[in-house]
Amino acid sequence: MAEDARVARGPHDRHAVHARIVQRLQENAEEITRLVAGLSDADLARRTVADKWSVKEVLCHLDRIQEVFGQRVQAMLDEDNPTLAAYEPDDDPAFAARVQRPTTDTLADFRARREELVMRLEELRPADWHRPGRHPEYANYDVHFCVEYLAHHEGHHLYQMFQRRAPLGPIPH
């Protein structure tokens with residue numbers, strides 16, 4: 001059936017947009033991995049910008065956000081128009097727990113979750129991308145919006161990771 005076709009017909013075809021978002025998520029994961037490579041846990045935990053998160057804390061935040069957004073995607077795929085809670089990172093015990101773990105463990109969890117999310121998204125039919133959920137902050141929230149938001153959110157934090165990583169030594173190529 002035409003609805004199940006995943007072949008993009010042009011750069012602005014909605015299916016091509018979905019593929020680009022998935023590709024961006026994969027690329028973001030590679031960049032995150034690169035930016036934490038080659039440093040000790042102590043270096044990664046060092047705050048190189050006063051009163052701002054360290055590279056490790058940014059990674060922990062990204063891992064936690066990915067977990068929250070993955071749960072949202074799953075809820076929208078499993079339920080009809082589920083109510084989705086807003087996420088407040090301040091005082092999140094799951095974030096605090098991640099910060100106490102070795103960075104390598106958090107990175108491994110992040111990469112595994114990313115792989116699962118990417119595989120799930122690659123399996124979606126075009127209509128699945130537009131399964132809705134009710135979000136308190138956004139009137140038009142669906143799987144597509146959720147995943148695109150995740151990709152843009154990571155882009156913002158990738159800049160922070162780069163900025164905070166730079167004083168710690170050469171950044172791997």
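The confidence that the predictor assigns to each residue, on a scale from 0 to 100, is termed pLDDT. In the predicted model described here, pLDDT averages 92 over the chain, and 92% of the residues score at least 70. Residues 1-11 are a stretch in which pLDDT stays under 50. For this stretch the model has 18 contacts beyond four places in sequence. Where pLDDT is low, the predicted coordinates should not be read in detail.

The packing of helix α3 against helix α6 was examined next. Helix α3 spans residues 55-78 and helix α6 spans residues 143-165. The axes of the two helices come within 10 Å and cross at roughly 175°. Since angles over 145 degrees count as roughly antiparallel, α3 and α6 are therefore assigned a roughly antiparallel arrangement. On the α3 side, the contact is made by Val55, Val58, Leu59, His61, Leu62, Ile65, Gln66, Phe69, Arg72, Val73, Met76 and Leu77. Helix α6 contributes Val143, Cys146, Val147, Tyr149, Leu150, His153, Glu154, His157, Gln160, Met161, Arg164 and Arg165. By residue class, the contact of α3 with α6 comprises 15 nonpolar, 5 polar and 4 charged residues.

Isoleucine 21 lies in helix α1, which covers residues 14-36. With a relative accessible area of 1%, isoleucine 21 is buried, because residues under 20% fall in that class. When neighbours within four places in sequence are left aside, the contacts of isoleucine 21 are with His144, Val147 and Glu148. Isoleucine 21 is also separated from leucine 121 by 100 residues in sequence, while their C-alpha atoms are 9.6 Å apart in space.

Aromatic residues were then considered. The whole structure contains 7 aromatic pairs. One of them joins tyrosine 138 and phenylalanine 145, with 5.0 Å between the ring centres and 50° between the planes, and this pair is tilted. Both partners are partly exposed: tyrosine 138 has a relative accessibility of 27%, and phenylalanine 145 has a relative accessible area of 26%. Ring pairs also link Phe69, Tyr138, Tyr141, Phe145 and Tyr149 into a cluster. Among the members of this cluster, Phe69 of α3 and Tyr149 of α6 also take part in the contact between the two helices.

The backbone was also inspected for positive phi values. Most residues other than glycine have a negative phi. Asparagine 81, which is not a glycine, nevertheless has a positive phi of about 50°. Asparagine 81 is placed in the loop between α3 and α4, the latter helix spanning residues 93-100. Its relative accessibility of 29% classes asparagine 81 as partly exposed. Aspartate 91, likewise not a glycine, has a positive phi of about 60°. Aspartate 91 is found in the loop between α3 and α4, and is exposed, with a relative accessible area of 80%.

Beyond α6, histidine 173 occupies the segment that follows this helix. Histidine 173 is exposed, its relative accessible area being 95%. In sequence, histidine 173 and glutamate 115 are 58 residues apart, and the distance between their C-alpha atoms is 22 Å.

How values were computed
Residues are numbered from 1 along each chain as its sequence is written. This is a predicted model: local features need pLDDT of at least 70, side-chain atom pairs count only at pLDDT 80 or more; totals for chains, interfaces and linings use all residues. Side-chain values use heavy atoms; hydrogens and water are left out. Contact means heavy atoms within 4.5 Å. Axes are lines fitted to C-alpha atoms, for helices over the stretch in contact, and angles run from 0 to 180 degrees between N-to-C directions. Helices (H or I, at least four residues) and strands (E, at least two) are DSSP runs, numbered from the N terminus. Angles under 35 degrees count as roughly parallel, over 145 as roughly antiparallel, 65 to 115 as roughly perpendicular and the rest as oblique. Ala, Val, Leu, Ile, Met, Phe, Trp, Tyr, Cys and Pro count as nonpolar, Asp, Glu, Lys and Arg as charged, and the others, Gly among them, as polar. Buried means under 20% relative accessible area, exposed over 50%, partly exposed in between (1.4 Å probe, protein chains only). Rings of Phe, Tyr and Trp (its six-membered ring) pair if their centres lie within 6.5 Å; planes under 30 degrees apart count as stacked, over 60 as edge-to-face and the rest as tilted.
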